[in-house]
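Open the model in your viewer and keep the selection tool at hand. The stops below go from one side chain to the sheet around it, and then to a helix.

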Amino acid sequence: GEKRSAQSSRIQQQVRLISQMLDDILEFVALERELVLNYSMVDLRPLIQDVIDEHASAAADKTLQLEVQLDQTTIIRADSQQIRRALGELLKNAIQYTPPGGRICVSAIRYPEEIGIRVQDSGMGINSLAIDKVFKPLYRADEARTDRRTGLGLPIAKTIVEAHHGRIVLESTQGQGSTFEIILPQM
């Protein structure tokens with residue numbers, strides 16, 4: 001009885017994992033084919049705070065320190081749901097690859113004609129040979145291969161940001177952490 005219950009629990013966990021992977025694949029295919037954006041004026045402060053709140057328990061489970069640095073109101077023209085998704089993927093990635101007790105900082109930066117949303121972590125960092133590949137669908141760096149994820153989170157984020165006429169910039173040093181920054185035009 002106990003053995004069956006444990007096996008049943010593992011099977012249910014695997015089914016949830018496979019279901020999430022299929023959802024990610026279907027979403028990525030849909031985004032690649034046709035992403036329709038519903039633009040509106042979006043205040044980044046509450047959007048960023050909402051995304052952080054959504055992922056706070058995952059960060060707390062790993063005893064990660066989540067910092068937010070938002071000095072002023074920053075309004076952009078964007079599809080709030082899609083930008084929320086892109087930022088959520090970057091934050092999930094940071095939580096996943098930052099060891100327990102680490103730090104993640106999310107901030108907004110104003111540039112002359114652009115707005116940056118930066119996610120900086122104290123995680124494992126990315127090998128310099130893999131930096132150009134992390135935004136490719138299904139790619140996972142050697143350090144990430146032990147985790148059971150699809151390798152679609154960063155490509156989904158990139159697709160969303162590029163549909164907004166923006167870009168994602170990545171700086172990383174292996175063993176010291178990574179900084180992903182969504183850069184969007186200020187409209």
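Is Glu 114 buried, partly exposed or exposed? Select Glu 114 in this predicted model: its relative accessible area is 24%, and a residue counts as buried under 20%, so Glu 114 is partly exposed.

**Across two strands**

Add Arg 167 to the selection. Glu 114 and Arg 167 form a salt bridge, with 2.7 Å between the closest N and O atoms. Glu 114 belongs to strand β5 (residues 114-121) and Arg 167 to strand β6 (residues 167-173), so this pair ties together parts that lie 53 residues apart in sequence. Arg 167 is also partly exposed, at 39% relative accessibility.

**The sheet**

Now show the strands as a cartoon. An open sheet of five strands runs in the order β2-β4-β5-β7-β6, with mixed pairing. At its edges stand β2 (65-69) and β6; each has a single partner strand, so one side of each lacks a neighbour in the sheet. On average, neighbouring strands here are turned by 15° against each other, direction ignored.

Select β5 together with β7 (residues 177-185). The two strands run antiparallel and are joined by seven bridges. To find one position on this pairing, pick Arg 118: its bridge partner in β7 is Glu 181.

**The helix on the sheet**

Next, bring α3 into view. This helix packs on the sheet and touches β2, β4 (103-110), β5 and β7. The direction of α3 makes about 25° with that of β5.

**Charged side chains along α3**

Which residue forms a salt bridge with Glu 89 at 2.6 Å between the closest N and O atoms? Select Arg 85, which is that partner. Both residues lie in helix α3 (residues 80-97), and because they are four residues apart, about one helical turn separates them. Glu 89 is buried, with a relative accessible area of 3%.

Then select Lys 92. The side chain of Lys 92 meets that of Glu 89 in another salt bridge, at 3.4 Å from N to O. Lys 92 and Glu 89 are three residues apart in α3, which means about one helical turn again. Lys 92 is partly exposed, with 32% relative accessible area.

Return briefly to the pair on the strands, Glu 114 in β5 and Arg 167 in β6. Back on the helix, keep Arg 85, Glu 89 and Lys 92 selected together: salt bridges with shared partners join them into one network.

**The whole chain**

Finally, clear the selection and zoom out. How many salt bridges does the structure hold? There are seven, among them the ones visited above. The chain has four helices and seven strands, following the pattern α-β-α-β-β-α-β-β-α-β-β along the sequence.

Colour by accessibility to see the division between interior and surface. Of the 187 residues, 42% are buried. The chain exposes about 10500 Å², and carbon and sulfur atoms supply 48% of that area. With contacts displayed, consider those between residues at least 6 apart in sequence: 72% of them join residues at least 24 apart.

Note on methods:
Residues are numbered from 1 along each chain as its sequence is written. This is a predicted model: local features need pLDDT of at least 70, side-chain atom pairs count only at pLDDT 80 or more; totals for chains, interfaces and linings use all residues. Side-chain values use heavy atoms; hydrogens and water are left out. Buried means under 20% relative accessible area, exposed over 50%, partly exposed in between (1.4 Å probe, protein chains only). Contact means heavy atoms within 4.5 Å. Accessible areas come from the Shrake-Rupley method with a 1.4 Å probe; for residues, only the protein chains shown count as cover. A salt bridge is a side-chain nitrogen of Lys or Arg within 4 Å of a carboxyl oxygen of Asp or Glu. Two strands pair if DSSP finds at least two bridges between them. Axes are lines fitted to C-alpha atoms, for helices over the stretch in contact, and angles run from 0 to 180 degrees between N-to-C directions.
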